[in-house]
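Hi,

Here is the structure I said I would pass on. Have a look at it first, and then read my notes below with the model open beside you.

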Amino acid sequence: MDHAIEINGLVVERGRRRVLHELSCTVPRGLVTGLLGPSGSGKTTLLRAVVGVQVVTGGTVSVLGAPAGSAPLRRRIGYMTQAPSVYADLTVRENARYFAALHGLPATAADDAVGAVGLTDARGQLVGTLSGGQRNRASLACAIVGRPDLLVLDEPTVGLDPVLRTELWATFHDMASRGTTLLVSSHVMDEAGRCDRLLLIREGRLIADDTPDGIRAATAQHDLEAAFLELIREGAHA
Ligand SMILES: Nc1ncnc2c1ncn2[C@@H]1O[C@H](COP(=O)(O)OP(=O)(O)OP(=O)(O)O)[C@@H](O)[C@H]1O
């Protein structure tokens with residue numbers, strides 16, 4: 001399998017605590033990979049290491065064939081953090097057009113991104129006046145506007161109603177079908193089934209790297225939340 005991301009023996013310490021323990025995994029190209037785990041398990045830390053903004057203690061992270069954080073990767077990766085990174089005093093469209101301009105892209109690319117996240121009706125609204133979920137989507141529009149090869153999304157569906165969540169997941173799969181690799185974190189297990197592949201982490205350790213069906217088969221559990229609990233139990237008895 002062709003991998004967009006290869007992580008080997010990654011060790012990260014934050015504060016004085018080790019939060020990732022020699023973690024190794026891969027993320028295939030052109031698929032939607034979910035990074036699932038409870039709050040505090042290390043998802044954001046792992047995403048930060050992939051994007052190249054996390055100081056690491058040990059191990060290697062290779063992204064699109066280059067070391068994470070290296071200059072050629074900057075334009076090839078879109079990153080959406082949990083805190084929306086958009087300008088409150090600009091409208092949705094102005095934000096997207098600004099990010100498009102940074103990538104040398106025309107205003108139409110910005111409008112397409114705003115449409116893809118379902119914000120066309122709010123495009124003229126100041127970001128500071130949007131709801132939390134709308135602000136998240138404005139942030140997402142700015143992350144996808146540069147048509148990155150790799151899109152790293154930290155809990156992009158938090159605060160969204162079920163209809164919007166379903167639409168966004170359809171957008172993710174649509175992007176993947178056009179060749180974008182997506183790595184999407186969530187702590188909501190019902191989103192796990194929407195991913196092509198899953199990385200399950202707990203307390204900074206990888207406990208599964210498989211397809212949803214592979215995890216169901218390995219644990220004899222149809223429900224992925226139950227499967228996750230089964231993997232934890234198996235780990236405790238190993
Ligand atoms: N700046 C920091 N300084 C010290 N410790 C930190 C810092 N940021 C995070 N941590 C710790 O690192 C661990 C992993 O945090 P991380 O944010 O990666 O988890 P997460 O799985 O993304 O959680 P959530 O789902 O709540 O966002 C946690 O124990 C957290 O308290």
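Let's start with helix H1, which is mostly covered: 8 of its 9 residues are buried. The buried ones are Lys43, Thr45, Leu46, Leu47, Arg48, Ala49, Val50 and Val51. Just past the end of H1 you'll find Gly52, with a positive phi of about 95°. Before you go further, keep in mind that this is a predicted model.

H1 also matters for the ligand. Which helix gives the most residues to the shell around the ligand? That's H1 (residues 43–51), with 3 residues. The whole shell is made up of Arg14, Gly15, Val19, Gly37, Ser39, Gly40, Ser41, Gly42, Lys43, Thr44, Thr45 and His187. Sorted by class, that comes to 1 nonpolar, 9 polar and 2 charged residues.

Now for the open sheet. It has 6 strands in the order S6-S7-S8-S3-S9-S10, and the pairing is mixed. S6 and strand S10 (205–210) stand at the edges with a single partner strand each, so one side of each has no neighbour in the sheet. From one strand to the next, the twist averages 15°. If "mixed" is new to you, it helps to know that strands of a sheet pair through backbone hydrogen bonds, either parallel or antiparallel. One antiparallel pair here is strand S9 (residues 197–202) with S10, joined by 5 bridges. To find that pair on screen, look for Leu199, whose bridge partner in S10 is Asp209.

Back to H1 for a moment: this helix packs on the sheet, touching strand S3 (32–36), S6, strand S7 (150–154), strand S8 (181–186) and S9. The direction of H1 makes about 155° with that of S7. Another helix, H6 (residues 212–219), lies across S9 and S10 and runs at about 110° to S10.

There is some more strand pairing to look at. Strand S1 (residues 3–14) and strand S4 (residues 58–63) pair in the antiparallel sense over 5 bridges, and Val11 stands opposite Gly58 in S4. S4 also runs antiparallel to S5, with 2 bridges joining them. Val63 has Ala66 in S5 as its bridge partner. S4 and S5 form a hairpin with 2 residues between them, and Leu64 in the turn has a positive phi of about 50°.

Next, helix H3 (residues 107–116). Which of its residues are buried? They are Ala109, Ala110, Ala113 and Val114. These residues lie on the same side of H3, because they cover an arc of only 140° around the axis. The spacing fits a rule worth remembering: an α-helix has 3.6 residues a turn, so residues three or four places apart point the same way. What covers the buried residues of H3 includes helix H2 (92–102) and helix H4 (132–144). H3 is followed by Gly118, which has a positive phi near 75°.

Last one: Arg75, in the loop between strand S5 (66–67) and strand S6 (77–80). Is Arg75 buried or partly exposed? It is partly exposed, because 14 other C-beta atoms lie within 10 Å, and a residue needs 20 or more to count as buried. Leaving aside residues up to four places away in sequence, Arg75 touches His103 and Gly146. The C-alpha atom of Arg75 is separated by 31 Å from that of Asp161, which is 86 residues apart from Arg75 along the chain.

Have fun clicking through it!

Terms used. Residues are numbered from 1 along each chain as its sequence is written. This is a predicted model: local features need pLDDT of at least 70, side-chain atom pairs count only at pLDDT 80 or more; totals for chains, interfaces and linings use all residues. Helices (H or I, at least four residues) and strands (E, at least two) are DSSP runs, numbered from the N terminus. A residue is buried if 20 or more other C-beta atoms lie within 10 Å of its own, exposed if 12 or fewer, and partly exposed in between; C-beta atoms are placed from the backbone. Two residues are in contact if their C-beta atoms, placed from the backbone, lie within 7 Å. Two strands pair if DSSP finds at least two bridges between them. A residue is near a molecule or strand if its C-beta atom, placed from the backbone, lies within 6 Å of it. Ala, Val, Leu, Ile, Met, Phe, Trp, Tyr, Cys and Pro count as nonpolar, Asp, Glu, Lys and Arg as charged, and the others, Gly among them, as polar. The arc is that of the directions from the helix axis to the C-beta atoms. Axes are lines fitted to C-alpha atoms, for helices over the stretch in contact, and angles run from 0 to 180 degrees between N-to-C directions.
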